[in-house]
Amino acid sequence: MNEPTSGRIPDETLERQLVRWLPDRRWFAAKGNTISAVRILLRHELTSVFGFSAEHLLVSVEFEAGPAQVYQVPLGFRSHLPEDLEPWALPDGDGNGMIAYDGLHDAEVITLYADLLAEAQGSGPVQLKTVPGTVIEPGLRGRTLGAEQSNTSVVLGEKLLMKIFRLVTPGVNPDVELHLALAGAGSEYVATLRAWMETDVAGILTTLAMVQDFEANSADGWSMALGSVRDLLIEADLHAAELGTDFAGESHRMGAAVAEVHSTLARALGAEERQVASTTVEAMNRRLDAATAIVPELGEVAAAVRDKFAEAEALGATAVQRIHGDLHLGQVLRTPERWLLIDFEGEPAKTLDERRERDSPLRDVAGMLRSFDYAAHHLLADSVPMGAMGAASQRDFRAREWAQRNADAFCEGYASVSGTDPREAAALLRAYELDKAVYETVYEARNRPQWIGLPLSAIRRLTAAPR
Ligand SMILES: Nc1ncnc2c1ncn2[C@@H]1O[C@H](COP(=O)(O)OP(=O)(O)O)[C@@H](O)[C@H]1O
Ligand SMILES: O=P(O)(O)O[C@H]1O[C@H](CO)[C@@H](O[C@H]2O[C@H](CO)[C@@H](O)[C@H](O)[C@H]2O)[C@H](O)[C@H]1O
């Protein structure tokens, strides 16, 4: 290690700064809960030279109500903060002449992680594991990848993507677990896993980050779908099928890719039959109750939603296996060759045990159908007042047509690989769509309140559908 810096910000000061800084982070998963305290669990120095240092932090965040959560907060410290890092500074800075900031927005800090990867070793309690056969060249320069989402992803030398999990749940992250299983089975439909980072949290080996090939020439499904919808809304006299940017062919291929991944996961990790009533529907009703306490508008539709959940019980038993768990258009990447699925973490709001449970592949299909609905309507949601969202305007009609056309194409693509069309289990598929839309109302209430009309309209439409 190099010469130590003059000042190290004391733990208590950093903890106080984090109480004020964390709630506004995009990746802070406990929006709506008031933080009562932040406690540093791990504070490990990665480097320290005069005027600059970097530390890897794990903090426990305690709330006025509800269980504590662990977050990962790599920090940089500088005596003078360059302008581009100012937005990432923690408030009330200048502890001991140093200013703390989010290290994952500083190329110099990110590059420290790239160096650890190249050495294929960790630093102190932070351990790195490379997949056998992986050699990572030294000197890869780091940069933050675009907008933050549930986690923070950085690109190393335009070759590797390192995703640093923010909310850390003790245990092996399903993103690493499922990527390993899929790679082991030779799946072509995921980016190749190269390494991961782990540490011990309360005696449990816990994933901190994962590293996979960066698909530089890819586009994400959400941007591609929006391009198609935008063209449709400009030319609202045309049907979706008449557009040069019709998306149905891509949706068909995407459905086929999802079915391939499901079949590989079932082969690699097993599948079984489960009763729909006592497992799936019970859990959906519990989730609806919890969501209604947060989004009061759900109270008006809760009985109708429950009726639709009950219709799914008629199926008796259904096959369950490991699935993606939070599939939407932002979780698929189109490379020049094929669609890839990314981000196998499952829904951020679920516990690790829930995310690792076997579930019906129809949950993933429903996730994508919900996403077609979002893509079709969100440009309208930004321009039309929420009260008027259901208005039968020409553009609204076209948007619905687009969502239906792509949902059908996706299901047909899925059936072309699996041999079974997901629409055959219509009641269960609808129940999963409703369950997802209920989850989305909570997600939107907490993250993007201006979008809450999207899932609420969908719930009204899905509950009005005939048996
Ligand atoms: N292997 C990859 N190559 C290129 N871009 C990727 C890759 N994996 C993810 N991305 C991009 O990074 C973004 C964040 O990835 P994701 O795994 O969804 O993170 P989060 O858990 O934060 O939602 C995605 O929207 C996608 O565009
Ligand atoms: O951060 P993640 O990608 O793990 O997922 C969370 O955020 C998503 C939004 O970024 C959210 O997805 C919802 O909005 C999408 C459009 O932005 C839409 O395509 C999805 O269908 C809709 O569910 C996702 O639910 C949430 O878990």
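At what angle do the axes of helix α4 and α10 cross? Keep that one in mind while you set up.

What you have open is a predicted model, where local features need pLDDT of at least 70, side-chain atom pairs count only at pLDDT 80 or more, and totals for chains, interfaces and linings use all residues. Residues are numbered from 1 along each chain as its sequence is written, chains are lettered from A and ligands numbered from 1 in the order in which they are written, and side-chain values use heavy atoms, with hydrogens and water left out.

**Stop 1: the helix pair**

Select residues 221-234, which is α4, and then α10: the two axes come within 10 Å and cross at roughly 145°. Axes here are lines fitted to C-alpha atoms, for helices over the stretch in contact, and angles run from 0 to 180 degrees between N-to-C directions. Helices (H or I, at least four residues) and strands (E, at least two) are DSSP runs, numbered from the N terminus. The crossing is right-handed (the near helix is turned clockwise from the far one by less than a right angle).

Now show side chains. On α4, pick Ala225, Ser228, Val229, Leu232 and Leu233; on α10, pick Arg395, Arg398, Ala399 and Trp402. Those make the contact, meaning heavy atoms within 4.5 Å. By class, this contact has six nonpolar, one polar and two charged residues. For the classes, Ala, Val, Leu, Ile, Met, Phe, Trp, Tyr, Cys and Pro count as nonpolar, Asp, Glu, Lys and Arg as charged, and the others, Gly among them, as polar.

**Stop 2: a pocket along α10**

Stay on α10 and select Gln404, Ala407, Glu433, Arg461 and Leu462, which lie nearest the centre of the second largest pocket, lined by 21 residues. The elements giving two or more residues to that lining are α9 (362-383), α10 (394-418), α11 (426-447) and α12 (453-464). Of these, α10 gives the most, with eight residues. The lining has 10 nonpolar, two polar and nine charged residues, and the pocket volume is about 500 Å³.

The fine print: on a 1 Å grid over the protein atoms alone, a cavity is a set of points where a 1.4 Å probe fits but cannot get out, and a pocket is an open set with protein on both sides within 12 Å along at least five of seven lines; lining residues have an atom within 4 Å of a point. Points are joined across faces, edges and corners, and a volume is the space filled by probe spheres set on the points.

**Stop 3: the six-stranded sheet**

Colour the strands in the order β6-β11-β12-β9-β8-β7 to see an open, antiparallel sheet. Strands pair if DSSP finds at least two bridges between them. At the edges sit β6 (127-130) and β7 (142-144). Zoom in on arginine 143, whose bridge partner in β8 is valine 155. Then add α2 (residues 107-118): this helix packs on the sheet, and its direction makes about 125° with that of β7.

**Stop 4: the three-stranded sheet**

Next, β13-β16-β17 form another open sheet with antiparallel pairing. Alanine 219 has arginine 334 of β16 as its bridge partner. Helix α5 (residues 248-269) packs here, touching β16 and β17.

**Stop 5: a closed space**

How many cavities of 30 Å³ or more does the structure hold? Three. For the second largest, of about 50 Å³, select lining residues including Phe165, Thr207, Glu345 and Arg355.
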